[in-house]
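Okay, thanks for squeezing me in today. Have a look at this one with me while I talk you through it.

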Amino acid sequence: MAARKGSRRTCETGEPMEADFGGDRSKGPSQVYLPGRGPPLREGEELVMDEEAYVLYHRAQTGAPCLSFDIVRDHLGDNRTELPLSLYLCAGTQAESAQSNRLMVLQMHNLHGTKPPASEGSDEEEEEDEEDEEERKPQLELAMVPHYGGINRVRVSWLGEEPVAGVWSEKGQVEVFALRRLLQAVDDPQALATFLREEQARVKPIFTFAGHMGEGFALDWSPRVPGRLLTGDCQKNIHLWTPTDGGSWHVDQRPFMGHTRSVEDLQWSPNEDTVFASCSADASIRIWDIRAVPSKACMLTTTTAHEGDVNVISWSRREPFLLSGGDDGALKVWDLRQFKSGSPVATFKQHMAPVTSVEWHPQDGGVFAASGADNQITQWDLAVERDLEAGEAETDPGLADLPQQLLFVHQGETDLKELHWHPQCPGVLVSTALSGFTIFRTISV
């Protein structure tokens with residue numbers, strides 16, 4: 001199969017980070033830096049961003065770092081590619097003290113694309129450039145509410161016309177917050193001022209479940225049944241939440257049991273109302289059906305999916321594939337039609353530390369992204385086959401042993417935690433790390 005435009009060769013020569021030798025750049029050209037492959041950076045070398053490898057690139061900070069966030073679907077339209085871009089996020093902080101944490105809604109707007117290189121011109125042109133620079137400045141609006149305890153995971157869903165956030169926190173509770181007022185506040189400066197002055201401190205969760213008896217990270221809203229929720233904890237238990245007529249939830253006190261260690265991630269099937277997948281620190285991935293009683297609901301198991309903890313999974317909305325990432329740094333693709341075999345249909349090894357987040361592209365069935373504790377974000381395409389031009393491998397032998405499906409390596413973040421594709425803006429990725437949020441689109445996707 002043919003590679004997409006600008007996929008393999010462009011991305012191998014258009015990595016987002018290059019080695020900058022400092023001083024007189026004429027002494028030698030910049031070189032593509034491949035983490036873990038080839039020589040490490042020498043003294044005096046530094047990584048610089050290749051802006052031509054990005055269509056869009058912005059960074060934002062919100063004070064205390066966020067371990068988790070979710071993109072809020074909005075009413076601005078689907079499949080929008082026109083710049084500047086606007087988007088909405090919901091995130092939770094991991095502050096140094098429990099009482100300093102916040103649940104927040106962010107509106108990022110006026111996000112322009114990367115500018116072409118500046119050309120030498122007249123003073124008038126320089127003034128125009130300065131004015132243009134001012135008009136192109138990205139904007140961030142932020143509405144926050146106090147939250148006692150660090151927030152481990154945030155997932156957003158719409159219940160009809162009501163946006164809500166499920167929040168797992170270190171205090172061992174899962175809470176549901178209504179987001180309507182926060183979203184209204186970030187849309188209107190006057191409403192934001194009123195919210196911060198009069199309402200912020202009074203916002204409380206609309207529902208709280210403390211039955212897990214400890215903290216956890218796994219949480220997923222059903223994409224098919226509004227309000228249906230799964231939560232999993234570090235004590236190996238998974239609970240099913242069913243929405244009730246009164247705008248509340250019934251949480252089944254009987255947990256789904258099967259894992260022997262912490263449940264790390266949960267994913268509902270995008271095609272079947274009653275089926276979900278889970279992964280665990282016990283190295284396994286399990287497929288469940290909630291129509292059975294919890295003690296007998298596990299239908300399929302791969303006991304040794306990774307060498308160690310399985311941290312994250314993502315269920316493709318386009319293909320019968322499940323994607324997993326583990327402490328072993330491996331990314332594995334599982335064909336659910338062959339799941340009983342216990343063997344993945346593909347394994348990729350580019351990350352040199354635990355994988356912290358994985359997600360399939362919402363529109364392109366073969367594309368996915370992953371982040372790792374090695375400070376890399378990688379983009380992949382299962383449909384790509386290598387097409388090296390004659391002599392290319394000889395001039396850069398480091399390219400020869402790269403996985404052929406690897407499209408792009410993004411670096412520059414510190415302690416990467418989570419990433420999500422924007423469901424309405426094709427190719428746009430958002431990530432959170434100790435260094436803050438990054439919003440970008442590469443030339444590859």
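I'll go from the overall make-up to the ring pairs, then the pocket, and finish on salt bridges.

First thing to say: this is a predicted model. So, the make-up. The protein has 5 helices and 31 strands. It runs to 445 residues, and 53% of them are buried. On contacts, if you take those with a separation of 6 or more, 59% are between residues 24 or more positions apart.

Right, aromatics. There are 19 aromatic pairs in the structure. Let me start with F69 and F437. Their ring centres sit 5.6 Å apart and the planes are at 90°, so we call that pair edge-to-face. What I'd like you to notice is where the two partners come from: F69 is in strand β5, residues 66-71, while F437 is in strand β31, residues 436-442, and that puts them 368 residues apart. How exposed or buried are these two? F69 has 0% relative accessibility, so it goes down as buried. F437 has a relative accessible area of 1%, and that is buried too.

Next pair: F209 and W241. Here the centres are 5.7 Å apart with the planes at 75°, so again we have edge-to-face. F209 belongs to strand β12, residues 207-209, and W241 to strand β15, residues 238-243, so this pair ties together parts that are 32 residues apart in sequence. Both F209 and W241 are buried. And they have company: ring pairs join F207, F209, W221, W241 and W249 into a cluster.

Okay, on to the pocket. The largest one holds about 1,000 Å³ of space. Its lining takes in 40 residues, and the ones nearest the centre are D70, V156, D220, R317 and E359. Which elements give two or more residues to that lining? They are β5, β9 (151-159), β13 (216-221), β17 (263-268), β21 (310-315), β25 (355-360) and β29 (416-421). So β5, where we found F69, turns up again here. By class, the lining of this pocket breaks down into 19 nonpolar, 10 polar and 11 charged residues.

Last topic, salt bridges. The structure has 16 of them, and I've picked out three. The first is between the side chains of D265 and R153, at 3.4 Å from N to O. D265 is in strand β17 and R153 in strand β9, with their positions 112 residues apart in the chain. Those two strands are also on the list for the pocket lining. Both D265 and R153 are buried.

The second takes us over to the helices. E199 and R181 meet through their side chains, 2.7 Å from N to O. E199 is in helix α4, residues 189-199, and R181 is in helix α3, residues 180-187, so this bridge ties together parts 18 residues apart in sequence. As for R181, its relative accessible area is 31%, so it counts as partly exposed.

And the third: R337 with D335, where the closest N and O atoms are 2.8 Å apart. Are the two partners buried or exposed? R337 has a relative accessible area of 63%, so it is exposed. D335, on the other hand, comes in at 6%, so that one is buried.

That's my tour. Happy to go back to any part of it.

Conventions
Residues are numbered from 1 along each chain as its sequence is written. This is a predicted model: local features need pLDDT of at least 70, side-chain atom pairs count only at pLDDT 80 or more; totals for chains, interfaces and linings use all residues. Side-chain values use heavy atoms; hydrogens and water are left out. Rings of Phe, Tyr and Trp (its six-membered ring) pair if their centres lie within 6.5 Å; planes under 30 degrees apart count as stacked, over 60 as edge-to-face and the rest as tilted. Helices (H or I, at least four residues) and strands (E, at least two) are DSSP runs, numbered from the N terminus. Buried means under 20% relative accessible area, exposed over 50%, partly exposed in between (1.4 Å probe, protein chains only). On a 1 Å grid over the protein atoms alone, a cavity is a set of points where a 1.4 Å probe fits but cannot get out, and a pocket is an open set with protein on both sides within 12 Å along at least five of seven lines; lining residues have an atom within 4 Å of a point. Grid points are joined across faces, edges and corners, and a volume is the space filled by probe spheres set on the points. Ala, Val, Leu, Ile, Met, Phe, Trp, Tyr, Cys and Pro count as nonpolar, Asp, Glu, Lys and Arg as charged, and the others, Gly among them, as polar. A salt bridge is a side-chain nitrogen of Lys or Arg within 4 Å of a carboxyl oxygen of Asp or Glu. Contact means heavy atoms within 4.5 Å.
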